[in-house]
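Here are my notes on the model you asked me to look over. I kept them in numbered points so you can reply to each one separately.

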Amino acid sequence: MANEARKSLRVRYVARRNAVFADPGFQYWAAKLPLINRIARSRAGNAFDLVAGFTYSQTLRACVESGLFDVLQDGPVSHQEVAARIDLSPQAALTLLRAARALRLSEEPEPDGWMLGEQGAVLAADKGAQAMVRHHQLLYRDLADPMELLRRDRKEPTALSRYWSYAGALHGAAERGEQTAEYSELMAASQHFVADQVLASFRFPARARLLDVGGGHGAFLRRMGEANPGLHLGLFDLPEVAQAGEQVLADAFGPERVSAHPGNFFEDPIPGGYDIVSLVRILHDHDDGPAAALLANIHRSLKPGARLLIAEPMACVPGAEGMGEAFFGFYLWAMGSGRPRSGEEITRMCRKAGFARTQSIATPQPVNASVIVAFA
């Protein structure tokens, strides 16, 4: 009864708050009061960002696809020089530069002298982020009519699902397409988003054996191996992928420090003998049934005391709510498989798969990834 009373109180509070905020008289009054008009302006700005946010993402896309960041690195440059180098008219280049300035992607420290802005400098140096921006053109195509995307109920192919089907469908698919260079480059370029969070929040034992399940061409393992010289690196993925990843890792660390295991993680046993098994941006790619089967498969391979490390963006994480459920909610819906899960949901799934306990580990940037460790 007490829980029901608290829920009822919360519902009444939210309803009353919404009625007050929506009242034009309150909005006018709030804008006039010196003590709260700053809050009112901030709320208005946030609301406008929701309305106009699609233009912001397309401005960023134009900056990346045009090569504007590379041009501005040579700055200060005039808008005429920018126009010549990215094949636009001077007025079109100026329009893009000004739009980018509003988003801190470009900056004009002197009249018609354009350089990278604060955000632009960060993104210009981050090839992984730029790869993701280019990739998002597929999702943007599907989101042109979001209601139509939702009404399809994952029963019809989308631009994004066609891409994933061609690139190898999903991690653990039976086969991949023959030409998967774009897929591999995207995964490798963007893997540091998660790898950085793991390195900042999780300490590997000095002589541990790490197996990355669905590890692709070894980008995550390479980052872990560079930071932990005593770590033995195991890679489990489809045969042609595992073979390529083994060569990459052996070239970097020597063959004695690397083990490759070809297989399908839904159909084949997970190799045993590892202290830590990692799932990096894998679990959220799959619906609940396959995800639960994967966790159970991994648990069967682990000796008592061994650990499963799950690292991916998660839902309901304070400060990262938009990435967890707005971005990945629609991304995975359009992909046709998987969904973002909260840490509590993943914990319940791990316990059901047989893990004795779990530990949530805070990361510096949960917008990139959160970490959960499950103990066999």
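The points below start with the overall picture and then go through a few local spots.

1. Overall make-up. First, keep in mind that this is a predicted model. The protein has 376 residues, and 45% of them are buried. Its secondary structure adds up to 17 helices and nine strands. On the contact side, take the pairs of residues at least 6 apart in sequence: 66% of those contacts join residues at least 24 apart.

2. Cysteines. If you were going to set up disulfide patches, there is nothing to patch: the structure holds zero disulfides. Two cysteines are still worth a look. Cysteine 316 comes out at 49% relative accessibility, so it counts as partly exposed, the cut-off for exposed being over 50%. Cysteine 350 is buried, because its relative accessibility is 0%; it turns up again in the point on α17.

3. The β4/β5 pair. Strand β4 covers residues 232-237 and strand β5 covers residues 258-262; the two run parallel and share five bridges. Between them the chain passes through helix α14 (residues 239-253), giving a β-α-β crossover that is right-handed. If you want a landmark for the register, leucine 233 sits opposite valine 258 of β5.

4. Helix α17, buried side. Which residues of this helix are buried? In α17 (residues 343-352) they are Gly343, Ile346, Met349 and Cys350. Looking down the axis of α17, these buried residues stay within an arc of 125 degrees, so they line one face of the helix. As for what they pack against, the partners are α15 (288-301) plus three strands: β7 (307-312), β8 (357-361) and β9 (370-375).

5. Helix α17, the other side and the end. Glu344, Arg348 and Lys352 are exposed, and they sit on the face of α17 turned away from its buried side. After the helix comes glycine 354, with a positive phi near 115 degrees. That is one to have in view if you go through the backbone torsions.

6. Aromatic pairs. The structure holds five aromatic pairs. One of them joins phenylalanine 327 and phenylalanine 328: the centres are 4.9 Å apart, the planes are at 85 degrees, and the pair is edge-to-face. These neighbours do not share a burial class: phenylalanine 327 is partly exposed because its relative accessibility is 23%, whereas phenylalanine 328 is buried, with a relative accessible area of 13%.

7. The ring cluster. Phenylalanine 328 also pairs with tyrosine 331; here the centres are 6.2 Å apart and the planes at 65 degrees, so this pair is edge-to-face. Both residues belong to helix α16 (residues 321-335), where they are three residues apart, about one turn of the helix. Phenylalanine 328 and tyrosine 331 are both buried. Put the ring pairs together and you get a cluster of Phe327, Phe328 and Tyr331.

8. Serine 370. This residue lies in strand β9, one of the strands that the buried residues of α17 pack against. Is serine 370 buried or exposed? It counts as buried, because its relative accessibility is 9%. Leaving out neighbours within four places in sequence, serine 370 has contacts with Ile310, Ala311, Glu312, Pro313, Met314, Val317 and Thr363.

9. Asparagine 297. This one is in helix α15, which is also among the elements packed against the buried residues of α17. Asparagine 297 is buried, with a relative accessible area of 8%. Proline 269 is 28 residues away from it in sequence, yet their C-alpha atoms are 6.6 Å apart. Apart from neighbours within four places in sequence, asparagine 297 is in contact with Phe265, Asp268, Pro269 and Ile270.

10. Tryptophan 114. You will find this residue in strand β2 (residues 113-116). It is buried, at 1% relative accessible area. For a distance to check in your viewer, try tryptophan 114 to arginine 101: C-alpha to C-alpha they are 9.3 Å apart, with a separation of 13 residues in sequence.

Technical notes:
Residues are numbered from 1 along each chain as its sequence is written. This is a predicted model: local features need pLDDT of at least 70, side-chain atom pairs count only at pLDDT 80 or more; totals for chains, interfaces and linings use all residues. Side-chain values use heavy atoms; hydrogens and water are left out. A disulfide is a pair of cysteine sulfur atoms within 2.5 Å. Buried means under 20% relative accessible area, exposed over 50%, partly exposed in between (1.4 Å probe, protein chains only). Two strands pair if DSSP finds at least two bridges between them. Helices (H or I, at least four residues) and strands (E, at least two) are DSSP runs, numbered from the N terminus. A crossover is right-handed if, with the strands pointing away from the viewer, the path from the first strand over the helix to the second runs clockwise. The arc is that of the directions from the helix axis to the C-beta atoms. Contact means heavy atoms within 4.5 Å. Rings of Phe, Tyr and Trp (its six-membered ring) pair if their centres lie within 6.5 Å; planes under 30 degrees apart count as stacked, over 60 as edge-to-face and the rest as tilted.
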